[in-house]
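The exercises below ask the reader to work from the atoms to a statement about chains and side chains. Each task sentence is followed by a solution in steps.

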Number of protein chains: 2
Amino acid sequence: MFEIRERDGLARIGRMETAHGSVSTPVLLPVVNPNRPIIPAKDLADRFRAEILITNAYILGKSPDREAVLRDGVHRFLGFPGAVMTDSGAFQSHVYGDVDVTNAEVIGFQKEIGADLGTMLDPFSEPFHDHARAAADVEETIRRAKEADSIRGEMALVGAVQGGLHADLREQCARDVSALGVSVCAIGGVVPLLESYRFRDLVRVIVASKQGLDPSKPVHLFGAGHPLVFPLAVLLGCDLFDSASYAKYARDGRMLFPEGTRHVAEVRESGCLCPVCVAHPIQEIAASERLLAEHNLHVCFGAIRDVRRAIADGSLWELVERRGRAHPALLDAVKDLRQHNEFLEEFEPLSRPGAMYYVGPETAHRPILHRLRQRVIHRYAAPPAKGLLVLPEGDRPYSERYASVVERVLTTANVHVAVKSIWGPVPLELDHVWPLSQSIVPEGIELEALEAAEVFFREWAAGAGYPFGLLWEDPRTLDELRSRAPGGRTVDWHALRVHATADLQFGRGAANALLGGTVSYIVSQNTGKVRNVRVDGEHVLSLRAEDGWFTLKAAGARRLWKAFSMPKLRVVVDPDAVPFVREGKNVFAKFVRDADPEIRPGDEALVVSPDNELCAVAQATMNRREMLVFKRGVAARVREGVSPPSSAPPR
Amino acid sequence: MFEIRERDGLARIGRMETAHGSVSTPVLLPVVNPNRPIIPAKDLADRFRAEILITNAYILGKSPDREAVLRDGVHRFLGFPGAVMTDSGAFQSHVYGDVDVTNAEVIGFQKEIGADLGTMLDPFSEPFHDHARAAADVEETIRRAKEADSIRGEMALVGAVQGGLHADLREQCARDVSALGVSVCAIGGVVPLLESYRFRDLVRVIVASKQGLDPSKPVHLFGAGHPLVFPLAVLLGCDLFDSASYAKYARDGRMLFPEGTRHVAEVRESGCLCPVCVAHPIQEIAASERLLAEHNLHVCFGAIRDVRRAIADGSLWELVERRGRAHPALLDAVKDLRQHNEFLEEFEPLSRPGAMYYVGPETAHRPILHRLRQRVIHRYAAPPAKGLLVLPEGDRPYSERYASVVERVLTTANVHVAVKSIWGPVPLELDHVWPLSQSIVPEGIELEALEAAEVFFREWAAGAGYPFGLLWEDPRTLDELRSRAPGGRTVDWHALRVHATADLQFGRGAANALLGGTVSYIVSQNTGKVRNVRVDGEHVLSLRAEDGWFTLKAAGARRLWKAFSMPKLRVVVDPDAVPFVREGKNVFAKFVRDADPEIRPGDEALVVSPDNELCAVAQATMNRREMLVFKRGVAARVREGVSPPSSAPPR
């Protein structure tokens, strides 16, 4: 029912199938108040190209129109040809303390009126609920979810994740509810956080929920309808949003913008490009609730499209960080993302297209850079040396910038060279890997970024065995070293780079395994960079120009397979899938039995049978957590199938 | 010809009159290439509501259409009913090294074809020109500007400001050219800076030029057509922009966005709200140069409207700082604005509507906060005390937050209290003035902002005579002080606030002058805050709820007039204007003879005759520099006229 088309970390562009057509996600569901539709549902479909909307079954059930809805069905009643989700009254229970309807009644009603997606009536777990009370909320949520599942019939069910601010309860509730027959998992109880700008708590709630949720199901963030939060929420893996804001704000004379809200009376002129603002002077907009609502909806839909654009071009982190500067409380939340790096990193791709832009000191704490720093510490083996020459942050690529001074230092003085980059320590032979190779930083670096660079660097240098006494940062030292050691051989940059990159990408020891033998390089005429690496006449690796990481060849895969034992680098497939994979067919997630927990989207992987026969070399598109859960989609794209050893009989 | 309607610092919203209608500024002039108009001029008028465009007289003069343009005039030739500016070929001389036309010829041609605004042919002063060469460029520019002025006839003239990167030459050229009969002053030679993202140099060039320019004339920034730079350039006082980018980028398949440029091939989906992106799928846009150009133009026009919106609501600094996070080089430029604070501060209003938002550490360096810190040092007199209790940054208003602990400390322990705010030191009795009273900061303050707070505070505390040994920052100290001094009288907050604010607003000594006598306060029932201050029965001051600054009453004005000598606080008007001002009529700039150089827009001012007779109390809308130059508009809004002393015979 939900298929992921593109992804960037936890964010994804998907298609959700419903009984009334398919829906592109991320998506905003405009709330249609059945008693007071400011923009008729027909217009939402025709003029706003809305594929889905949401209306309230609880309100419909209480309204004088109840019989009409039951007779005609909700689609005909609203005049909407697309998908209709219905809400249950849980929010009304938050506002009014209680509702006079049961979970079973409201599920039954939603079924009867033909909702494509019906929502259970969950208890609203308030942020102030203590652990005991929130645990009871969760228990009741799961009880009702099971009940709803048992009576939903053919209707797709929206199951709720409650648990207040308690991370353990959110995760447990998420795990339990997504194990049921629910089609969409909805994170509930967040409206009070949004209303009081508690975006840090919002992040904690979403991350805790995502840690429990089945990653193959779409996630709805209930009640989040302001464009300010869309980028952040999508970054954390939310797919569906519902907005009553467009209408509610219009009623109060307020205009939504991607960076905030303004009362129309304060807006002398709208800088907005939407069809309403382009066609009407602000006085006309101010006088019309309908125009205000249309403007607000255009802005919300545009913000969602902008998020989709950012996922597709790999710039969602930049968008989130830039948007963080729109409100101090949002900035706090963006800066707090680093608290969740261990989880976020699991979903990070190996690389992204294009350059990484510095937005603020928070950029250095993105999970991709957290990973890089961890891998430089744990996978890269610094060469033995008398000391370490530390070069300051500067234009990229560092090795070109510093080429004239470091060659001899590296060899004759037996000193290793690294850049104290704001992204972390960069041993000079690693400056070609993404994003170190392609990042744009300001000249005047912010104090917080400089301090972080210092901390990152010392953490590595101490672990790498370079005592601080041997850090040389004085630029004079360069000349001194050069004058002391005027001779020396030429540095074999190709060998240094290939060796260091192999360990960083595949794990410490990979370089020795891959490069044992007589190594030769095919070097690009244009760039002077290594393109292919051959060992003993076999092509083992190709170095990609676009991101500086290796593509693994079958010969290289065989060497790694021998050197590393299960499950390292492996994706283990069902025996049924083995012949297909050997023929070069992709690995579908439903055939994955297990995988190396360190595999990340974009990583090279060894596809093996359950008894560890090498069947193919592939590029993973998912991490282990996802491979084990997804029922649809490709888990790894096979680059080359590997035949069974010739000694074995053909199957 | 140019009238300023609204302003915020150097930024202004204005109306420029031309022979073909009036033009709202800031404005973007789309460049129409007469040989290859992607969007016909008629469409620019009808569908984009363009009031003005620019085309190239040099190219027209060389084209096969030369005779047609001469016969029909440029408006009819292009089919454009609005204002037409023509360019001269200066940019072509930059690109091709030279042009085969003289300044006199091209001015003559522009006159003949009926341009509303004709541009002189200035030498293009390249950024790499050394001082001697740039000085020669400037000399030649002024020679040609005079020549152009002498032959322009009725045509409004655009005069150029050249001088490369040399601030002194830019200022001199600006001063000389704006003294001539030019209607628009154009800052030239900046395209190479824009092309190489040298935004810091761009800032320096604009500021140096503005320091010499006549502030009553509109300023064109030649060749700046990317929405990324509009907010910054307008903030620094540019009014007109011209964009060939919309068309050039379309030809290269690139889409402009407020935060950057993307090749359409990389754009899977446009998050843009413009009529083109709303109506067409991206594949259609990608396939059509015309649609790309229309999108680009919509985005540029929208960005200009957004800047106008920000000027009107006082949030342009926020917009500029947020946009700074779109590109590291722009961030460098935004951070560099503080280098120009002495100049920028002159144009800063006393206060703005609404709250001030923290965007980044650069926010603390805005000129309004620079002024506040300077005034706390130079105008505010810290009360004598044994020591200073330093409280950390926190929720506003500080005095309410800390009320429970500081009352007794202030009185019985004879210790003064101040907050080490990220905006600078805030003596507790001053926390009600804008923007200290209304600012929103993150909880997690960035290191650079914390360090700045430390530097600001120490600078003040040392000058105020509090040795560092007496700074108490340990929260335990509060309890200690309280326990040591359990008794004590109640702090007279009203008196403390009124006294401190009067000195801060009007200068050291103002409080004693205004408040000498029996003081009583009218306190608001709602807020508990002082509304009016009466001294010896006379109403001398009103404290504004919206910004915490005083409105001066006539009785207060008389006291300040006696206490301070010329020109302090004065706006000196022509004798002709005296009777009108005494009757309460506003002070027009053309009648201002002189003014206190410390007066800022929004400040209270004493309007006096040349022999220093007090004629009125007024609120300045300009600074001295502006009052002396402007020929149109109000320099100060009179609050109350003051009659001549009763001893004098009525006039």
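A residue counts as buried when its relative accessible area is under 20%, as exposed when that value is over 50%, and as partly exposed in between. The model used throughout is a predicted one.

**Exercise 1.** Determine which parts of chain A the salt bridge of E604(A) and R639(A) ties together, and classify the accessibility of both residues.

Solution. Begin with the distance: the side chains of E604(A) and R639(A) meet in a salt bridge at 2.8 Å, N to O. Next, place the partners, E604(A) in strand 27 (residues 604–608) and R639(A) in strand 29 (residues 634–641) of chain A, so that the pair ties together parts 35 residues apart in sequence. Finally, apply the cut-offs: E604(A), with a relative accessible area of 4%, is buried, whereas R639(A), at 34%, counts as partly exposed.

**Exercise 2.** Find the rotation and shift that superpose chain B on chain A, and state what relation this is.

Solution. The superposition takes a rotation of 180° with 0.0 Å of shift along its axis, and the RMSD is 0.0 Å. That is the relation of a two-fold axis. As a further step, compare the interface residues: 98% of those of chain B are also interface residues in chain A, so the copies meet through the same surface.

**Exercise 3.** Describe the interface by its area and its residues.

Solution. Count first: 51 residues of chain B are in contact with 50 residues of chain A. The area buried between the two chains is about 4500 Å², of which carbon and sulfur atoms give 49%. E269(B), L273(B) and R325(B) supply 16% of the area that chain B buries against chain A, more than any other three residues. For polar contacts, the count between chain B and chain A is 30 residue pairs. On the side of chain B that touches chain A, the largest share, 9 residues, comes from helix 15 of chain B, and by class this side has 21 nonpolar, 8 polar and 22 charged residues.

**Exercise 4.** Examine the salt bridges across the interface, taking R200(A) and E443(B) as the worked case.

Solution. The rule finds 14 salt bridges across the interface of chain B and chain A. In one of them, the closest N and O atoms of R200(A) and E443(B) are 2.5 Å apart. R200(A) lies in helix 10 of chain A and E443(B) in the loop between strand 18 and helix 21 of chain B, so the pair joins two chains. R200(A) is partly exposed at 22% relative accessibility, while E443(B), at 66%, is exposed.

How values were computed. Residues numbered from 1 in each chain as written. Chains lettered and ligands numbered in written order. Predicted model: local features only at pLDDT ≥ 70, side-chain atom pairs only at ≥ 80, totals over all residues. Heavy atoms only, no water. Least-squares fit on C-alpha atoms with pLDDT ≥ 70 in both. Contact = heavy atoms within 4.5 Å. Buried area = accessible area lost by both parts, 1.4 Å probe. Salt bridge = Lys/Arg side-chain N within 4 Å of Asp/Glu carboxyl O. Polar contact = N/O pair within 3.5 Å; in protein donor to acceptor, adjacent residues only side chain to side chain. Helix = DSSP H or I, 4+ residues; strand = E, 2+ residues; numbered from the N terminus. Nonpolar A, V, L, I, M, F, W, Y, C, P; charged D, E, K, R; others polar. Buried < 20%, exposed > 50% of the residue type's maximum accessible area, 1.4 Å probe, protein only.
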